[in-house]
Amino acid sequence: MNANPSPGAPSAAASPTPVSVVIRTKTGNPEVLEVIRLLLDQDQLPAEIVLVDSGSAPAILEGFAKLTAQAPAGCVVRLFPIPAHTYQSARALNQGLGWARHEYVGIISQDALPANGRYLSAMSEALDANPRLAGVYGRQVLKDEYDPLGE
């Protein structure tokens, strides 16, 4: 992966990494748009963001469209709507993984924020450094109103 001379500082010249990021969504809460904005402001951009959406509010879908249009060159935001009545968390995740086009795939929740501007590059660097690794975890910040244990 390309190293950015100032880690954690987003760069307009940052080139996409061969990473797809999958986000499952069904929300009326605009925080998912912040998750996407933070992904688009990484020191190394994802090559694509795959949104598996099962019925987000119209305002959120409009936000997705705006972010898609504003995505930096080389980073594609793709929306895959699925019927809300067919949603199952694991199935939606598997669908998103199937639609992802790149060797590395990151998964982030619609309500967790990347901890910093090196979220994706730190994970891809770890995978590149050790070919025996099958996966890595990136630091995410969960909003205060959410229970970290999901209860």
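**Exercise 1. Work out which pattern of strands and helices the protein chain follows along its sequence, and how many of each it has.**

Solution. Reading along the sequence of this predicted model, we find that the protein chain follows the pattern β-α-β-α-β-α-β-β-α-β. Counting by type then gives four helices and six strands. As a next step we can ask how the chain folds back on itself: among contacts between residues at least 6 apart in sequence, 79% join residues at least 24 apart. Finally, buried residues make up 40% of the 151 residues in the protein chain.

**Exercise 2. Find which residues touch the most other members of the largest nonpolar core, and which elements give two or more residues to this core.**

Solution. The largest nonpolar core has 25 residues, and those that touch the most other members are Ile23, Ile36, Leu39, Ile49 and Ile108. Turning from residues to elements, we see that two or more residues come from each of strand E1 (17–25), helix H1 (31–39), strand E2 (46–53), helix H2 (58–70), strand E5 (112–114) and helix H4 (119–129). Of these, H1 gives the most to this core, with five residues. A second, separate core has seven residues, including Val22, Val52, Phe80 and Leu93. To see the contacts of a single residue, take Ile36, which, leaving aside its neighbours within four places in sequence, is in contact with Ile23, Ile49, Leu51, Phe64 and Leu67.

**Exercise 3. Describe the largest pocket by its volume, by the residues that line it and by their classes.**

Solution. We begin with the volume of the largest pocket, which is about 300 Å³. The lining consists of 17 residues, and Val105, Gly106, Ile107, Met123 and Val136 are those that lie nearest the centre of the pocket. Sorting the lining by class gives eleven nonpolar, five polar and one charged residues. Strand E4 (104–107) and H4 each supply at least two residues of the lining, and the largest share, five residues, comes from H4.

**Exercise 4. Decide whether Glu103 is buried or exposed, and state where Glu103 lies along the chain.**

Solution. First we locate Glu103, which lies in the loop between helix H3 (89–99) and E4. Next we compare accessibility with the cut-off: a residue counts as exposed when its relative accessible area is over 50%, and because Glu103 has 69% relative accessibility, Glu103 is exposed. As a last step, we compare sequence with space, where Glu103 and Ser20 are 83 residues apart in sequence and 7.9 Å apart in space, C-alpha to C-alpha.

Technical notes. Residues numbered from 1 in each chain as written. Predicted model: local features only at pLDDT ≥ 70, side-chain atom pairs only at ≥ 80, totals over all residues. Heavy atoms only, no water. Core = buried A, V, L, I, M, F, W, Y, C linked by side-chain atoms within 4.5 Å. Buried < 20%, exposed > 50% of the residue type's maximum accessible area, 1.4 Å probe, protein only. Contact = heavy atoms within 4.5 Å. 1 Å grid on protein atoms, 1.4 Å probe; cavity = no way out; pocket = protein on both sides within 12 Å on 5 of 7 lines; lining within 4 Å. Points joined across faces, edges and corners; volume = space filled by probe spheres on them. Nonpolar A, V, L, I, M, F, W, Y, C, P; charged D, E, K, R; others polar.
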